[in-house]
Every structure is written in structure tokens, then in C-alpha cells.
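This briefing walks through a single protein chain, beginning with one contact between a charge and a ring and then widening to the whole fold. Please keep the sequence and the structure in view while reading, and look up each residue as it is named.

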Amino acid sequence: MRKQLKEKSARTGYIRNSSYIILSMFVLLSACSSRQTETDSREITEQLGPNEHLQTIADHLLQARRNQQFTRALALRYPNLDRESAYRIQLMTLESQEKAGESLAGWKMGGTRITEAGASPDPLFGYSLESQVYQSGERVSLGDLTTNEPMVEAEITVWIGEDLPGPGITREELLRAIDGISGGVEIISSRQRPASEDQPETETTAHLVADGISHGGAIFGDTRMAPDDIDFDTEEAWISIETEEKARGSASAIMGQTGNPIDAVLWLANALPKHGRHLRAGDFVLTGSLYENPTMEAGVNAAVSFTNLGSIQVRLIE
């Protein structure tokens, strides 16, 4: 995977012979062209029009997923995309992948971690495919992601043992359906970009929702506990990259100080039926990162550890 290259300023010099001037210009233009090709090799060049059908947008994002490319099209053409349309686009993409033979493995959440007093969560969901699930210690190739330095999140993972078709799932029904709690790691692979690098505000939450809130992969630990056996108020997670601790956080931050990761799953259980989906037996739910997410690069090792839920090894390769 190649990092995006910055444009280099043209070199000037005192060249007396006109033939050398022509030759130098040719070499310079060829080099710039080569650099531009390399710079744009990860970006989708076919941009969307301003009034495309939602399925066309979904197909555009599906191309980004399949080719591990990023796109600025939504920021450029759909700055006011609403969240309902964003979810329709996301699930159209999922349906296309299922028709192509992919299998849904579970769900991921964002917007759940609250650390400021008085702030409210803004839960979001995306999906994870079986092809995006890795084992602890298994090598994850950067060729399967859209960035050379992905973020690595520690998350409480809830495993579902019974179908929950909804709507109107109660907390008691959810607790009966939970098959266990484990530690999890999510690898973030953002395929969305702002309209330009100096306009970060043009990349909106709805754009991220349309693309499944940047899910790149999931890794799970072997330890599972029953909901009644884990104290979310004292459960922490921390990540060490090459033995140096980079971040730490608490499960009690998920859904705010009065909530916990179970509340995130309850929200999801009642949100999915509004979009024609529901939690199924065998699904997992990544409930949101416990800390401010560090990044890691290929060739280094990381360990994500939990107070009671074991440790997960993360290894990235080129």
C-alpha cells in the first residue's frame, strides 16, 4: 500500500541550450504525470453526478470497497445527505455484497462513547462481513484496507444467541438472547474523504454512515463472559504498540455515564427493524471504542488488553 504523495514543486535551473530545455520539460512533465498517477491510484476517478439514484451511489461505494479505494464524491456532490438516505445507501451496498456471495457476520457501532458530562450519545451502525473477521494474532494485510496507518479500536463485543426480529425489543428480551460478552478489536478503514484536504468539515456523519462508518475488520478474543458476570464500571481496555501503552479507556463510557454497552445493543436491536434488518442468532455487535484511537503501521505488533476479557494480538503486514 502506498501513501498519498504530496505534490513536489518543480525544480528550476539555469539551462542554456534550448534542446536541453525541451528535454528537461519533457522529463519534468513525465515525472509529474507519474507522481499524479501514483497519488490518485487509491482514489475513485469516476465521480458521481449531483442527482444520482441512491443505488448508483451505493454502487459507487461498493466499487470503493472492492478495490480498496477512497472517494470524495459524497462530500463534493451530496454535502447535505440526510441520515435516512445514508442508511438506505449502506444497506443497498450490503445487499449487493450478499447477492455476490458475501455473508453478514455482525454489526459495528459508533457515536456511543461519551466522556463529557451532560453529553448525549448519537449511536450509529455499520456492518461487518465474514470476510472481514480475523483471529487474534492473524496477519491483517494493508492491501485489504484503504490506509497505511489504520486506527485500532478496543470494543466490548456482545454475541447474540437468538433472533430478535423486533420492533419493541425490551432490555429483558435482549439479555435473554445474549450468548456472551467478549473483547473485540475493530480496524478502521475509511473510504470517505472530504471535498479537499483543507476542508475537513465537508466530510459529514451521513457520509460515514453511507459507507458503514469506516469498518475495515474485526478481531475477537477467546474469553467470553455472561452479562451478569462482568462489571462494566470497572472493565477497562488499553492498547500497547511494541510494548508501549498508547491509549486506555473504560467500558462505562459507552452510552454515557448512566449507560453501558448493553444499552448500545438495545438501541441497535430496535433501530435495525426500521431498516428491514434485525439481530440474528450468531451475530456479534461491536459496541464502540473505549478510548481515543491510536493508529499503527505495518511491521509493528500491538496488543489490546481488557481487565477481564483477555488480550487480542494485532499484526499488520504490507
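In this predicted model, Arg 193 lies over the face of Phe 70, with a distance of 4.4 Å from the ring centre. A second arrangement of this kind involves Arg 224, which lies over the face of Trp 159 at 4.0 Å from the ring centre. The points below turn to the aromatic pairs, then to two buried loop residues, and finally to the protein as a whole.

**Aromatic pairs**

- A pair of aromatic rings is described by the distance of the centres and the angle of the planes.
- The count for this protein comes to six aromatic pairs.
- In one of them, the rings of Trp 107 and Phe 125 have their centres 5.7 Å apart and their planes at 85°, and because an angle over 60 degrees counts as edge-to-face, that is how this pair is classed.
- The pair links distant parts of the chain, since Trp 107 belongs to strand E1 (residues 104-110) and Phe 125 to strand E2 (residues 124-129), with their positions 18 residues apart in sequence.
- Both Trp 107 and Phe 125 are buried.
- Phe 125 also forms an aromatic pair with Trp 267, and this pair is tilted, at 6.5 Å centre to centre and with 50° between the planes.
- Because Phe 125 lies in strand E2 while Trp 267 lies in helix H7 (residues 261-271), the pair ties together parts that are 142 residues apart in sequence.
- The two partners differ in their exposure, for Phe 125 has a relative accessibility of 0% and therefore counts as buried, whereas Trp 267, with a relative accessible area of 31%, is partly exposed.
- Ring pairs link Tyr 87, Trp 107, Phe 125 and Trp 267 into a cluster.

**Two buried residues in loops**

- Leu 309 sits in the loop that runs between strand E11 (301-306) and strand E12 (311-317), and with a relative accessible area of 0% this residue is buried.
- Leaving aside residues up to four places away in sequence, Leu 309 touches several others, among them Ile 156, Ile 181, Thr 223, Met 225 and Ile 230.
- The C-alpha atoms of Leu 309 and Gly 221 are separated by 7.4 Å, although the two residues are 88 residues apart along the chain.
- Arg 191 is found in the loop between strand E6 (178-188) and helix H6 (205-210), and its relative accessible area of 3% means that Arg 191, too, is buried.
- With residues up to four places away in sequence again left out, the contacts of Arg 191 include Arg 65, Phe 70, Thr 146, Asp 211 and His 215.

**The protein as a whole**

- The secondary structure comes to seven helices and twelve strands.
- Of the 318 residues of the protein, 50% count as buried, and the accessible surface comes to about 15,500 Å², of which 47% belongs to carbon and sulfur atoms.
- Among contacts between residues at least 6 apart in sequence, 77% join residues that are at least 24 apart.

**Confidence in the model**

- The mean pLDDT of the protein is 87, and 87% of its residues reach 70 or more.
- Over residues 1-39, however, the pLDDT is below 50, and this stretch has 24 contacts in the model beyond near neighbours in sequence.

Technical notes
Residues are numbered from 1 along each chain as its sequence is written. This is a predicted model: local features need pLDDT of at least 70, side-chain atom pairs count only at pLDDT 80 or more; totals for chains, interfaces and linings use all residues. Side-chain values use heavy atoms; hydrogens and water are left out. Helices (H or I, at least four residues) and strands (E, at least two) are DSSP runs, numbered from the N terminus. Buried means under 20% relative accessible area, exposed over 50%, partly exposed in between (1.4 Å probe, protein chains only). Contact means heavy atoms within 4.5 Å. Accessible areas come from the Shrake-Rupley method with a 1.4 Å probe; for residues, only the protein chains shown count as cover. Rings of Phe, Tyr and Trp (its six-membered ring) pair if their centres lie within 6.5 Å; planes under 30 degrees apart count as stacked, over 60 as edge-to-face and the rest as tilted. A charge sits over a ring if NZ of Lys or CZ of Arg is within 6 Å of the ring centre and within 35 degrees of the ring normal. pLDDT is the predictor's confidence in each residue, from 0 to 100.
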